[in-house]
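Q: I have a structure open in front of me and do not know how to read it. Can we go through it step by step?

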Amino acid sequence: MPTKQKPDAIALLKADHRKVEGLFEKFEHTRDDLHKKALVLEICTELSVHATIEEEIFYPARKGEIKEEELLDEAYVEHDGAKVLISELLESGPSVEFYDAKVKVLSEMIKHHVKEEETRSEGLFAQAKAAGLDMVGLAERLDSRKQELLADFKHRSKLPPPETRSFTGHELVQSRPVEEAA
Ligand SMILES: [Fe+2]
Ligand SMILES: [Fe+2]
């Protein structure tokens with residue numbers, strides 16, 4: 001009997017990317033507020049879990065490869081930028097001004113980030129593969145942490161606030177767009 005090929009870490013992370021792209025695409029075609037809110041919760045859950053397993057397991061496994069140190073630093077900053085929008089979205093709703101724009105900008109940020117991870121030969125994933133890491137072993141660790149996080153989130157009344165790794169929480173002054181003078 002042929003043995004089923006075990007997924008490798010990159011296949012697992014890429015599958016997450018495709019899933020979230022599909023959810024953003026669905027959001028674009030959704031007009032109903034309740035449906036929008038449910039989709040955004042799903043997007044934020046997927047992204048939170050994905051960012052956590054990359055930051056806890058996948059990125060550290062790559063640390064030390066000088067060649068990609070800058071790329072890795074940028075990845076942490078891109079994750080943290082996305083987390084700001086994720087927490088904004090989790091604390092608001094479709095009837096609030098800028099909601100759709102925040103979803104759109106989040107999708108664009110993720111698209112850029114995913115490109116940096118998946119780019120042929122130069123991307124984070126290609127470099128991980130070239131470094132000869134144990135991809136099947138990594139996939140098992142990523143998947144077990146993913147299942148643990150999903151189970152944890154299921155028991156909460158709301159998603160926990162995202163944890164930043166590079167942003168240090170400097171103060172922002174909250175204001176409003178300036179209206180045109182009458
Ligand atoms: Fe990432
Ligand atoms: Fe990723």
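**Reading a helical model**

A: Start with how the chain folds back on itself: in this protein, residues 24 or more positions apart account for 76% of the contacts with a separation of 6 or more. Keep in mind that this is a predicted model.

Q: How many helices and strands are in the protein?

A: Begin with the list of elements. The protein has six helices and zero strands, so its order of elements, read from the N terminus, is α-α-α-α-α-α. The C-alpha trace spans about 70 × 40 × 30 Å along its principal axes.

Q: What share of the residues in the protein is buried?

A: Burial is judged by counting neighbours: a residue is buried if 20 or more other C-beta atoms lie within 10 Å of its own, and exposed if 12 or fewer do. Here, buried residues make up 20% of the 182 residues.

Q: What span should helix α1 have, and how far apart are its end C-alpha atoms?

A: A helix can be checked by its rise per residue. Helix α1 covers residues 9-28, which is 20 residues, and at 1.5 Å a residue it should span 28 Å. The C-alpha atoms at its ends are 29 Å apart, which agrees.

Q: Which residues of α1 are buried?

A: Look for which way the helix faces. The buried residues of α1 are A9, I10, L13 and V20. They lie on the same side of α1, because they cover an arc of only 95° around the axis. The face turned away from that buried side carries the exposed residues A15, R18, G22 and E25.

Q: What do the buried residues of α1 pack against?

A: Their partners are α2 (33-62), α4 (99-118), α5 (124-130) and α6 (135-154).

Q: Is L12, also in helix α1, to be read as buried or exposed?

A: Neither word fits. L12 has 19 other C-beta atoms within 10 Å, so L12 is partly exposed. Leaving aside neighbours within four places in sequence, L12 is in contact with P7, A139, L142 and D143. By contrast with such contacts, the C-alpha atoms of L12 and S107 are separated by 20 Å, with their positions 95 residues apart along the chain.

Q: How many residues does the largest nonpolar core have?

A: A core is read as a group of buried nonpolar residues joined to one another. The largest one has 14 residues, and those with the most contacts inside it are C44, L47, A82, I86 and L89. The elements giving two or more residues to this core are α2, α3 (69-90) and α4. The largest share, five residues, comes from α2.

Q: What does A82 touch?

A: Not counting residues up to four places away in sequence, A82 touches L47, L106, M109 and I110. Apart from this core lies another, of 12 residues, among them V49, I53, A75 and A139.

Q: And where is V105 placed?

A: V105 is in helix α4. With 14 other C-beta atoms within 10 Å, V105 is partly exposed. V105 and A82 are 23 residues apart in sequence and 9.1 Å apart in space, C-alpha to C-alpha.

Q: At what angle do α2 and α6 pack?

A: A helix pair is read from its angle, the distance between its axes and its handedness. The angle between α2 and α6 is about 145°, and their axes are 10 Å apart. The crossing is right-handed. On the α2 side, the contact is made by T45, V49, T52, I53, E56, I57, F58 and A61. On the α6 side, the residues are L138, R141, L142, R145, K146, L149, L150 and F153.

Q: What is the phi of F98?

A: Here the backbone angle is the thing to look at. F98 has a positive phi of about 75° although it is not a glycine. F98 sits in the loop between α3 and α4. Its 12 C-beta neighbours inside 10 Å are why F98 counts as exposed.

Q: Where does P160 lie?

A: P160 is in the segment after α6. P160 has 11 other C-beta atoms within 10 Å, and is therefore exposed. The C-alpha atoms of P160 and L90 are separated by 9.7 Å, although these residues are 70 residues apart along the chain.

How values were computed:
Residues numbered from 1 in each chain as written. Chains lettered and ligands numbered in written order. Predicted model: local features only at pLDDT ≥ 70, side-chain atom pairs only at ≥ 80, totals over all residues. Helix = DSSP H or I, 4+ residues; strand = E, 2+ residues; numbered from the N terminus. Expected span 1.5 Å × (residues − 1). Arc of directions from axis to C-beta. Contact = placed C-beta atoms within 7 Å. Core = buried A, V, L, I, M, F, W, Y, C linked by C-beta atoms within 7 Å. Axes fitted to C-alpha atoms, helices over the stretch in contact; angles between N-to-C directions. Left-handed = near helix turned anticlockwise from the far one by under 90°.
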